[in-house]
Amino acid sequence: MRVFMPGPVQPAFSERLRENLDEGIVLLEGPMEPWPTAIDVLIRGRPDEEELDRAGPIRALVIPYAGVPERTLRLLTARPQIAVYNLHHNAAPTSEQALALLLAVAKRICPRDAALRRGDWSARYAELRSLLLEGRGAVILGAGAIGRRLERACLALGMVTECLGRADLFEAGEGDLRRGLHEVLPRAQVLLLALPLTQETQGLLTARELELLPAGSVLVNIARGPIVDQWALYDALRSGHLSGAGLDVWWNYPETEEARPSCMPSEAPLHELDQVVMSPHLAGHTDRTEALRAEHLARLLLEITEGRASGSLVDLTRGY
């Protein structure tokens with residue numbers, strides 16, 4: 001099987017990938033003009049129409065991370081003969097980040113750390129206490145690799161845990177995703193979002209849904225910002241209906257390198273609330289992420305050659 005990965009490619013990543021590749025896979029990589037012919041698999045997250053045409057009659061496109069960019073989804077929907085695959089190498093680091101955000105919010109780590117750095121011990125004697133997670137109800141929306149890891153972590157903390165995917169919510173609501181969601185939200189003293197962003201899930205949590213959460217609940221989002229209405233979230237936090245939120249994903253992102261030091265991540269002033277723990281969408285970034293990406297990519301390519309890669313196959317009609 002001939003696989004093409006257009007450049008630039010980091011040498012360390014390339015070396016790790018080749019170490020793990022099956023000998024029956026021929027890897028072509030880096031900037032090439034013209035592109036190689038007779039490609040079976042193209043590794044590219046955001047190909048444009050011209051690139052897909054240049055690649056010729058490929059069997060598959062591998063998006064080397066989780067999720068499908070909207071433009072890629074549109075292009076590949078028009079080319080149903082191309083199978084599309086995702087990588088899920090980020091499941092461990094992303095679920096760890098979600099757990100870190102949850103604990104930081106529940107134990108109010110950030111504001112207490114900031115106060116003690118000023119010599120202020122007031123938090124120790126204040127009435128506002130940390131949340132005990134043991135015995136609380138945790139609802140995880142998203143039953144993929146990340147959601148299932150979070151389920152195990154929450155169970156280990158002694159939480160009453162439900163991990164729900166699309167099928168669970170449809171069944172609960174007799175075909176209506178939002179109705180099914182409304183049945184589970186009153187049990188979610190902790191709500192963790194690990195859903196893909198699709199037409200179904202964009203704007204899924206509005207003021208109405210947040211009101212269904214028990215008073216004092218915590219929301220953690222390591223999925224995508226637009227799943228939640230940002231102003232509804234701000235209002236629920238400011239009113240005290242939600243006791244806190246841990247956010248790694250946002251609504252605004254810097255579009256240029258120059259904008260990175262001065263781009264506010266939301267229109268709503270969530271940064272003004274000390275019960276919000278903020279992280280700049282780096283849940284999947286760790287010291288081993290690229291090594292994991294190479295290992296998972298090599299495994300996926302082998303599964304494609306053997307016809308058993310259905311677990312990573314993207315359903316273009318659903319967008320994930």
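**Exercise 1.** Which side chain meets Glu295 in a salt bridge? Classify both partners by accessibility, then find the wider network.

*Solution.* The model is predicted.
- Step 1: The partner is Arg288, with an N to O distance of 3.7 Å.
- Step 2: Apply the cut-off: buried means under 20% relative accessible area, and exposed means over 50%.
- Step 3: Glu295 has 18%, so Glu295 is buried.
- Step 4: Arg288 has 41%, so Arg288 is partly exposed.
- Step 5: Follow the shared partners. Salt bridges link Arg16, Arg288 and Glu295 into one network.

**Exercise 2.** Two further salt bridges pair Glu51 with Arg44 and Arg117 with Asp113. Find the N and O distance in each, and classify the partners.

*Solution.*
- Step 1: In the Glu51 and Arg44 pair, the closest N and O atoms are 2.7 Å apart.
- Step 2: Glu51 is at 10% relative accessibility and therefore counts as buried. Arg44 is at 22% and therefore counts as partly exposed.
- Step 3: In the Arg117 and Asp113 pair, the closest N and O atoms are 2.6 Å apart.
- Step 4: Locate this pair. Both residues lie in helix H5, four residues apart, or about one turn of the helix.
- Step 5: Arg117 reaches 68%, so Arg117 is exposed. Asp113 has 36%, so Asp113 is partly exposed.
- Step 6: Set these pairs in context. The whole structure holds 17 salt bridges.

**Exercise 3.** Helix H5 spans residues 109-117 and contains Leu116. Find the nonpolar surface patch that includes Leu116, and state how exposed Leu116 is.

*Solution.*
- Step 1: Leu116, Trp121 and Tyr125 make the patch.
- Step 2: The patch covers about 400 Å².
- Step 3: Leu116 has 44% relative accessibility, so Leu116 counts as partly exposed.

**Exercise 4.** Describe the largest nonpolar core: its members, its sources and the contacts of Leu141.

*Solution.*
- Step 1: Start from the general tendency. In soluble globular proteins, nonpolar side chains tend to be buried together.
- Step 2: The largest nonpolar core has 33 residues. Leu141, Leu191, Leu193, Leu233 and Leu270 touch the most other members.
- Step 3: Assign the sources. At least two residues each come from strands E6 (137-141), E8 (190-193) and E10 (242-247), and from helices H9 (177-184) and H11 (230-239).
- Step 4: Helix H11 contributes the most, with five residues.
- Step 5: Take Leu141, setting aside its neighbours within four places in sequence. Leu141 is in contact with Leu164, Leu169, Leu181, Leu191, Leu192, Leu193, Ala194 and Leu195.
- Step 6: Another core lies apart from this one. That core has 23 residues, including Ala98, Leu133, Leu150 and Cys154.

Methods. Residues numbered from 1 in each chain as written. Predicted model: local features only at pLDDT ≥ 70, side-chain atom pairs only at ≥ 80, totals over all residues. Heavy atoms only, no water. Core = buried A, V, L, I, M, F, W, Y, C linked by side-chain atoms within 4.5 Å. Buried < 20%, exposed > 50% of the residue type's maximum accessible area, 1.4 Å probe, protein only. Contact = heavy atoms within 4.5 Å. Patch = residues over 30% accessible without salt bridge, like charges linked within 9 Å, V, L, I, M, F, W, Y side chains within 5 Å. Areas by Shrake-Rupley, 256 points an atom, 1.4 Å probe, with all protein chains shown as cover. Salt bridge = Lys/Arg side-chain N within 4 Å of Asp/Glu carboxyl O.
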